[in-house]
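Biologist: Please take a close look at the surface patches of this protein. I would like the charged one and the nonpolar one set in the context of the whole chain.

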Amino acid sequence: MKNAFFFLLKAIGVIAIAIVLFLAIVFTVNVICNKLEKSKIEPYGQLVPVDGKNMNVTIHGNGEETVVLLPGYGTAAPGIDFKPLVDELSPFYRVVVIEPFGYGLSDITEKERSIENIVSEVHECLQQLNIDRYILMGHSISGIYSLDYVNKYKNEVSAFVGIDSSVPAQGAGEELPTAALKSLKQSGIFRLLVKLSPDQIITPPGVDDETKEQNRMITLKNMMNPNIISEADHFPSNFNAAETLKFPKDLPVIFFLVKDNSDVEGWEALHEEQIKDSLHGKMMLLEGDHYLHHTRSKEIVENFRSFMSEIK
């Protein structure tokens with residue numbers, strides 16, 4: 001009995017040492033890979049000085065009108081993520097993809113991710129590019145920021161397009177476990193999980209293997225960085241700040257929403273409420289998931305252009 005007890009203790013000790021050794025290896029590999037991948041990430045777009053930092057922006061097309069694309073929360077590389085939509089828009093418009101601080105190849109800022117700071121930084125970026133008239137097109141959480149934006153800069157925005165965009169009335173949802181997710185990244189466990197299941201990295205369809213690899217490296221770089229964490233922490237206050245805002249009555253607004261969305265109760269009704277007083281408001285339901293711009297870009301652009309031509 002005594003021998004069995006000591007054998008059990010020994011076995012537990014061996015298992016504990018093996019676990020510690022495994023975690024140490026995973027951590028070390030992650031540190032080495034982070035350093036190696038930092039030099040392998042290839043620049044794209046252009047860096048724009050904003051509030052003493054650099055914000056990365058891509059510009060495609062030469063159309064007379066400009067469309068500004070704003071990403072959903074935590075999108076690793078908006079310049080890559082929006083590619084299917086950019087491809088459909090660029091024959092008709094000048095298309096500007098903005099990567100907010102903490103996203104893509106943009107710098108990380110020390111400023112908190114309040115709706116006021118995010119909106120003012122995007123505006124400063126466009127001012128630096130001498131863009132003063134544009135259509136705002138936002139995915140997911142950018143629906144919240146855009147609502148504030150179009151009220152502050154209504155003389156600059158000619159229309160708003162929401163791609164399964166968030167609305168204040170839906171609420172900020174459950175608090176994200178940012179501390180746990182940050183630990184997963186720092187420990188190297190997230191890298192290991194991605195290695196075991198590469199499909200965890202959200203990549204738009206139709207991109208080549210090199211772009212997929214760039215997107216993977218940027219995702220691992222940006223996951224739960226200080227700006228992404230701060231943005232999540234500010235969800236409640238940012239949603240509350242937009243709660244009393246409405247789209248200007250004369251601003252053309254069109255929503256492209258996922259049909260039969262079961263994640264948010266009353267998803268369609270919440271958006272209908274947003275445009276009930278609009279002179280030019282429309283909502284379209286499309287089959288697909290939250291990333292409609294990955295799979296329904298052609299329909300989005302065709303219907304958006306038709307919507308705008310009817311107004312003119």
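Modeller: The patches come after a short account of the whole. This is a predicted model, in which local features need pLDDT of at least 70 and side-chain atom pairs count only at pLDDT 80 or more, while totals for chains, interfaces and linings use all residues. Residues are numbered from 1 along each chain as its sequence is written, and side-chain values use heavy atoms, with hydrogens and water left out.

The protein has 13 helices and eight strands, taken as DSSP runs numbered from the N terminus (helices H or I, at least four residues; strands E, at least two). Of its 312 residues, 48% are buried, where buried means under 20% relative accessible area, exposed over 50% and partly exposed in between (1.4 Å probe, protein chains only).

Now the patches, which are built from residues with over 30% relative accessible area and no salt bridge, joining like charges within 9 Å and nonpolar side chains (Val, Leu, Ile, Met, Phe, Trp, Tyr) within 5 Å. A salt bridge here is a side-chain nitrogen of Lys or Arg within 4 Å of a carboxyl oxygen of Asp or Glu.

The negative patch consists of Glu42, Asp208, Asp209 and Glu210; Asp and Glu count as negative. Glu210 sits in helix α8 (residues 209-222) and counts as partly exposed because its relative accessibility is 47%.

The nonpolar patch, of about 380 Å², is made by Ile15, Ile19, Phe22 and Leu23. Leu23 belongs to helix α1 (residues 2-38); with a relative accessible area of 41%, Leu23 is partly exposed.

Note on methods. Accessible areas come from the Shrake-Rupley method with a 1.4 Å probe; for residues, only the protein chains shown count as cover. The place of a charge is taken as NZ of Lys, CZ of Arg, CG of Asp or CD of Glu.
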